[in-house]
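The following note is offered to a colleague who is meeting this structure for the first time. It proceeds by numbered points, from pockets to charged pairs and then to single residues.

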Amino acid sequence: MMTKNKVLLGLIIVALVSRIAPHYPNFTAMGALAFFGASRIKSIWGSLSLVFATMMISDLIINNLVYPTGELVLMYSGSLFTYAGFATYVLLGRKATNMKNGSALLVGGSMAFFVLSNLGVFLSAYSAFPMTWGGLMATYVAAIPFYAPELISTALFSAMAYAAETKFSTVKA
């Protein structure tokens, strides 16, 4: 198995475990999987499918085993916005060509994820805020504490994946 495939498989496993296991809010490897995976998989549809399949598997486990409701739950309220946020990471990850623009694109992906996923929270039936402009802004303000862990975890897991790929590709057999 090629080094990039081993690293990608490892990142898939870490993304699944980091979503399912107890974790600090928004500190998972999903953003890194979307961003890093997009730069390693030739097809954009393959990249999106990998991220969405990983999300769907972990969502099924979280929604039905970790927090069971007694009914089969495929997706949670607002999940399409979360998936759209990860799709943005994929689109930007495909444009990353070096460390400098990769860092800027990763931050841009994180910001897009923040905007999209919290729009989903605001529009969900469970929103704690009124359906007004002020309610939308209050949703974003309330979500600020969750932004840093998402950005840090995406940057950290992406850097670890890039480092692992570099390290393992230079190891002689």
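1. The largest pocket deserves attention at the outset. In this predicted model, 40 residues line that pocket, and those that lie nearest its centre are R19, N26, Y76, T82 and V121. The volume of the largest pocket is about 1100 Å³.

2. Several helices take part in the lining of the largest pocket. At least two residues each come from helix 1 (3-20), helix 2 (30-40), helix 3, helix 4, helix 5 (99-123) and helix 6 (133-170). The greatest contribution is that of helix 6, which supplies eight residues. Sorted by class, the lining of the largest pocket comprises 22 nonpolar, 15 polar and three charged residues.

3. The second largest pocket has a volume of about 310 Å³. Its lining consists of 14 residues, and N98, M99, G102, S103 and Y162 are the closest to its centre. Helix 2, helix 5 and helix 6 are the elements that give two or more residues to this lining. By class, the lining of the second largest pocket holds seven nonpolar residues, six polar residues and one charged residue.

4. The charged pairs come next. How many salt bridges does the structure hold? There are two salt bridges in the structure. One of them joins D59 to R19, with the closest N and O atoms 2.9 Å apart. D59 belongs to helix 3 and R19 to helix 1, and this pair links distant parts of the chain, 40 residues apart. Are D59 and R19 buried or exposed? Both D59 and R19 are buried. R19 is also among the residues that lie nearest the centre of the largest pocket.

5. The other pair is formed by the side chains of E165 and R40, which meet in a salt bridge at 2.7 Å, N to O. Because E165 lies in helix 6 and R40 in helix 2, this salt bridge ties together parts that are 125 residues apart in sequence. E165 and R40 are likewise both buried.

6. N26 merits a separate remark on backbone geometry. Most residues other than glycine have a negative phi. N26 is not a glycine, yet it has a positive phi of about 70 degrees. The residue is placed in the loop between helix 1 and helix 2. With a relative accessibility of 33%, N26 counts as partly exposed. N26 is also one of the residues nearest the centre of the largest pocket.

7. P22 shares that setting, for P22 too lies in the loop between helix 1 and helix 2. Its relative accessibility is 84%, and P22 therefore counts as exposed, the cut-off being over 50%. Along the chain, P22 and S153 are 131 residues apart, while their C-alpha atoms are separated by 15 Å.

8. On the surface, L72, L74, M75 and L80 make a nonpolar patch of about 430 Å². Where does L74 lie? L74 is located in the loop between helix 3 (44-66) and helix 4 (79-93).

9. Three small residues of helix 6 may be read together. G134 is found in helix 6 and counts as partly exposed at 45% relative accessibility. From G134 to A84 the separation is 50 residues in sequence and 23 Å in space, C-alpha to C-alpha. A138 is found in helix 6 and, at 27% relative accessibility, counts as partly exposed. The C-alpha atoms of A138 and F113 are separated by 17 Å, and these residues are 25 positions apart along the chain.

10. The remaining residue of that group is A164, which is found in helix 6. Why does A164 count as partly exposed? Its relative accessible area is 21%, and residues are called buried only when under 20%, so A164 is classed as partly exposed. A164 and A15 are 149 residues apart along the chain, and 15 Å separates their C-alpha atoms.

11. In summary, helix 6 recurs throughout this note. Helix 6 gives the most to the lining of the largest pocket, is among the elements that line the second largest pocket with two or more residues, and contains E165, the partner of R40 from helix 2.

Conventions: Residues are numbered from 1 along each chain as its sequence is written. This is a predicted model: local features need pLDDT of at least 70, side-chain atom pairs count only at pLDDT 80 or more; totals for chains, interfaces and linings use all residues. Side-chain values use heavy atoms; hydrogens and water are left out. Patches are made of residues with over 30% relative accessible area and no salt bridge: like charges are joined within 9 Å, nonpolar side chains (Val, Leu, Ile, Met, Phe, Trp, Tyr) within 5 Å. Accessible areas come from the Shrake-Rupley method with a 1.4 Å probe; for residues, only the protein chains shown count as cover. A salt bridge is a side-chain nitrogen of Lys or Arg within 4 Å of a carboxyl oxygen of Asp or Glu. Helices (H or I, at least four residues) and strands (E, at least two) are DSSP runs, numbered from the N terminus. On a 1 Å grid over the protein atoms alone, a cavity is a set of points where a 1.4 Å probe fits but cannot get out, and a pocket is an open set with protein on both sides within 12 Å along at least five of seven lines; lining residues have an atom within 4 Å of a point. Grid points are joined across faces, edges and corners, and a volume is the space filled by probe spheres set on the points. Ala, Val, Leu, Ile, Met, Phe, Trp, Tyr, Cys and Pro count as nonpolar, Asp, Glu, Lys and Arg as charged, and the others, Gly among them, as polar. Buried means under 20% relative accessible area, exposed over 50%, partly exposed in between (1.4 Å probe, protein chains only).
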